[in-house]
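Could you walk me through this model in my viewer, one selection at a time? I would like to know what to pick next and what I will find there.

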Amino acid sequence: ARVAVVISGEGSNMGALLYASRLPSSPYEVVLVASNNPDAPGLALAEAEGVATWARSHKGLAREAFDDALHEALAAARPDVIALAGYMRVLTPGFVRAWEGRLLNIHPSLLPAYPGLDTHARALEAGDRHAGCTVHLVTEEVDSGEILGQLPVAIQPGDTADMLAQRVRLAEHQLYPATLSAYVSRHQDAGWIEGQVDALAA
Ligand code: GRF
């Protein structure tokens, strides 16, 4: 299956998805890394690894105009699935509808707990025993689509939000490639992936 990854920053999850895709057993390849931040460090990683990239700053563009440009760039790469990985913008309803069922995101909490930002500080504040991460389908309502996979991460005494974020990141790097692989394999078996791409890109 063809996968496009959309990032805004570091791109460590994109790196995890990319390197996992190069294992012989991977059912997917990364065909494009796109970003709303031309300075995202993850773009340099992708370029160094020979992956096509697309970047445009969203600044000064209306939300619809930016999402249209992103949609066009993605559609041209004919992905079966789009993986949001640290993409820090809320997508327009039209974009989400266009890629419905093919748009995945990773979120640094055990959803439905803590949608939105500052998840680790909120988990610590609440005295939770576990933080974690979730891969889910993207729907118009933020952080609330079907959950495809989760990994809990134990909170340790003395944890700060930064320390916790670092450990959750390790878990994310395991969860995302495994969940994406399972998702595309499931749909490949159903004949759903690699067949409807053109209709979607229209
Ligand atoms: C991750 O924690 C992800 O869950 C959140 O943003 C962070 C992105 O990190 N949405 P990276 O850019 O993949 O390193």
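Here is a short tour, from the whole chain to the ligand and then to a group of paired strands.

**Stop 1: the whole protein.** Keep in mind that this is a predicted model. Show it as a cartoon and colour by secondary structure: you will see 7 helices and 7 strands. Followed along the sequence, they come in the order β-α-β-α-β-α-β-α-β-α-β-β-α-α. If you draw the principal axes, the C-alpha trace extends about 50 × 40 × 35 Å along them. The radius of gyration is 16 Å, which agrees with the value near 17 Å for a compact globule, because the protein has 202 residues. Of those 202 residues, 39% are buried. Turn on contacts between residues at least 6 apart in sequence, and 69% of them join residues at least 24 apart.

**Stop 2: the core.** Now select Val 5, Leu 17, Ala 83 and Ala 85, which touch the most other members of the largest nonpolar core, a set of 50 residues. Add helix 6 (residues 161–189), since the biggest share of this core comes from there, with 7 residues. In soluble globular proteins, nonpolar side chains tend to be buried together.

Which residues is Leu 17 in contact with, leaving aside its neighbours within four places in sequence? Centre on Leu 17 and you will find Val 5, Val 30, Ala 83, Ala 85, Tyr 176, Pro 177 and Leu 180.

**Stop 3: the ligand.** Select the ligand and the 13 residues around it; Glu 10, Ser 12, Asn 13, Gly 86 and Pro 108 come nearest. Colour this shell by residue class to see 4 nonpolar, 6 polar and 3 charged residues. Helix 1 (12–21), strand 5 (103–107) and helix 6 each contribute at least two residues to the shell.

**Stop 4: the paired strands.** Stay with strand 5 and bring in strand 6: the two run antiparallel and are joined by 4 bridges. To locate this pairing, pick Asn 105, whose bridge partner in strand 6 is His 136.

Is strand 6 mostly covered or uncovered? Select residues 130–137: strand 6 is mostly covered, with 6 of its 8 residues buried. In a regular strand the side chains alternate between the two faces of the sheet.

Finally, add strand 7 (residues 147–154), which pairs with strand 6 in the antiparallel sense over 7 bridges. Label Gly 132 and Pro 152 to finish: Gly 132 stands opposite Pro 152 in strand 7.

Key:
Residues are numbered from 1 along each chain as its sequence is written. This is a predicted model: local features need pLDDT of at least 70, side-chain atom pairs count only at pLDDT 80 or more; totals for chains, interfaces and linings use all residues. The radius of gyration is taken over C-alpha atoms; the globule rule is 2.2 Å times the number of residues to the power 0.38. A residue is buried if 20 or more other C-beta atoms lie within 10 Å of its own, exposed if 12 or fewer, and partly exposed in between; C-beta atoms are placed from the backbone. Two residues are in contact if their C-beta atoms, placed from the backbone, lie within 7 Å. A nonpolar core is a set of buried Ala, Val, Leu, Ile, Met, Phe, Trp, Tyr and Cys residues joined through C-beta atoms within 7 Å. A residue is near a molecule or strand if its C-beta atom, placed from the backbone, lies within 6 Å of it. Ala, Val, Leu, Ile, Met, Phe, Trp, Tyr, Cys and Pro count as nonpolar, Asp, Glu, Lys and Arg as charged, and the others, Gly among them, as polar. Two strands pair if DSSP finds at least two bridges between them.
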